[in-house]
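Me: I would like to learn how to read a structural model feature by feature, beginning with what lies inside it. Could you take me through one, giving the general idea before the particular case?

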Amino acid sequence: MSDERRRELGQFLRDRRGGLARAELGLPPIGRNRTQGLRREEVASFAAVSVTWYTWLEQGREINASRQVLEAIARVLRLTGAEQSYLLALGGYASVPLAEVAVIEEAPAHVQRLLDSLDFPAFAVAPDWGIAAWNSAYAELYSRIAAVDAADRNLLWLIFTDPHLREMLPDWEETSSHFVAEFRAEAGARLGSAAHTALISRLAQASPEFAQLWADHGVERFASRQRVFLHPVAGRLVFEQHRLVPSDAPELHLVMYAPA
């Protein structure tokens, strides 16, 4: 496990421990300020590990944590399914070895043909959320996509740095928060890699809003939801967002905006 992943794992556990309502475990508030979060001793006791070992885990020390122990801690902290998957990925137990996936600059031809066959906006996203392909309907929705430099053609980068796209999103704050939490959920196994570190650093320097959301350690799985765009020509457009994974190109996600 890389140093960055150990630090992230420790910070993630500290945040979730501090934010857990003690009443969920039948425990009363403690201290003068009636603190709600669990103490380290309590997490260690419920997870059946030593206090010293759990303290070292939160401190990001170089120790090994088994899958079973991390799952036990996840249960104690009442982590969601997405948060538990993220915790396991940080611990080196990702279901897919995402850390080994190379950067994809262009989608395979058959994926492009699939996108072109759709009459509603759709695009392909690489593991680093680079936009590897799109169809003409998406280009009509977001007219700048073809003109964006290839190095900047990243969904997170565009959401946080393109004022034109921001103006098109009346729910920009909610959408950007979802994106960061979803990206973190998918990126656990890649933490510490040069490409991932460079992307996060670049985004944090370019956008204080991204830096704050990243520091909040939100984690959530993708969920289909309504997307609203204020198009400069077509006006208000409402879609339902879906995401599919091609069985023969599982490293790509196809994002589709079906008319609502």
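Me: Which residues of the largest nonpolar core touch the most other members?

Reply: Bear in mind throughout that this is a predicted model. A nonpolar core is a set of buried nonpolar residues joined through side-chain atoms within 4.5 Å. Here the largest such core has 32 residues, and those touching the most other members are Phe123, Tyr138, Leu156, Leu158, Phe183, Phe210 and Tyr257. At least two residues apiece are supplied by strand S1 (122-125), helix H7 (136-141), helix H8 (155-161), H10, helix H11 (194-206), helix H12 (208-215) and strand S5 (253-259), and the largest share, six residues, comes from H8.

Me: What does Leu158 touch, beyond residues up to four places away in sequence?

Reply: With those sequence neighbours set aside, Leu158 touches Ile131, Tyr142, Ile145, Val148, Asp152 and Leu165. Apart from the core just described there is a second, separate one of 29 residues, which includes Leu25, Ala47, Leu87 and Val219.

Me: How should I read the sheet, and in what order do its strands run?

Reply: In a regular strand the side chains alternate between the two faces of the sheet. In this model an open sheet of five strands has the order S2-S1-S5-S4-S3, with antiparallel pairing. Strand S2 (131-134) and S3 are the edge strands, each pairing on one side only, and from one strand to the next the twist averages 30 degrees. Helix H6 (residues 109-116) packs on this sheet, where it touches S1, S2 and S5, and its direction makes about 50 degrees with that of S2.

Me: Is the edge strand S3 largely enclosed or largely open, and why?

Reply: Strand S3 (residues 225-231) is largely enclosed by the rest of the structure, because five of its seven residues are buried. It pairs with S4 in the antiparallel sense over seven bridges, and the two strands form a hairpin with three residues between them; within this pairing, Gln226 stands opposite Glu240 in S4. Helix H10 lies across S3, S4 and S5, running at about 130 degrees to S3.

Me: Is Glu182 buried or exposed, and what does it contact?

Reply: Glu182, which has its place in helix H10 (residues 172-187), is buried, because its relative accessible area is 2%, and the cut-off for that class is under 20%. Leaving aside neighbours within four places in sequence, Glu182 is in contact with Trp129, Glu220, Arg221, Phe222, Ala223 and Arg225.

Me: How does Leu244 compare with those classes: buried, exposed or partly exposed?

Reply: Leu244, found in strand S4, counts as partly exposed because its relative accessibility is 47%. Not counting residues up to four places away in sequence, Leu244 touches Leu252, His253, Leu254 and Met256. Pro250, in the loop between strand S4 (235-244) and S5, counts as exposed because its relative accessibility is 52%.

Me: What separates the C-alpha atoms of Pro250 and Pro127?

Reply: The two C-alpha atoms are separated by 9.7 Å, although Pro250 and Pro127 are 123 residues apart along the chain. For Leu244 and Tyr54, which are 190 residues apart along the chain, the C-alpha separation is 38 Å.

Me: How do I describe two packed helices, and at what angle do H4 and H5 cross?

Reply: Two packed helices are described by the angle between their axes and the distance between the axes. The axes of helix H4 (residues 67-76) and helix H5 (residues 81-90) come within 10 Å and cross at roughly 150 degrees, and the crossing is right-handed. From H4, Arg67, Leu70, Glu71 and Ala74 meet Gln84, Leu87 and Leu88 in H5, a contact comprising four nonpolar, one polar and two charged residues.

Me: What is notable about the phi of Ala48, and where does this residue lie?

Reply: Most residues other than glycine have a negative phi. Ala48 is not a glycine, yet has a positive phi of about 60 degrees, and its place is in the loop between helix H2 (40-47) and helix H3 (51-58). His217, likewise not a glycine, also has a positive phi of about 60 degrees, and lies in the loop between H12 and S3. As to accessibility, Ala48 is exposed, with a relative accessible area of 69%, whereas His217 is buried, with a relative accessible area of 8%.

Key
Residues are numbered from 1 along each chain as its sequence is written. This is a predicted model: local features need pLDDT of at least 70, side-chain atom pairs count only at pLDDT 80 or more; totals for chains, interfaces and linings use all residues. Side-chain values use heavy atoms; hydrogens and water are left out. Axes are lines fitted to C-alpha atoms, for helices over the stretch in contact, and angles run from 0 to 180 degrees between N-to-C directions. Helices (H or I, at least four residues) and strands (E, at least two) are DSSP runs, numbered from the N terminus. A crossing is left-handed if the near helix is turned anticlockwise from the far one by less than a right angle, and right-handed if clockwise. Contact means heavy atoms within 4.5 Å. Ala, Val, Leu, Ile, Met, Phe, Trp, Tyr, Cys and Pro count as nonpolar, Asp, Glu, Lys and Arg as charged, and the others, Gly among them, as polar. Buried means under 20% relative accessible area, exposed over 50%, partly exposed in between (1.4 Å probe, protein chains only). Two strands pair if DSSP finds at least two bridges between them.
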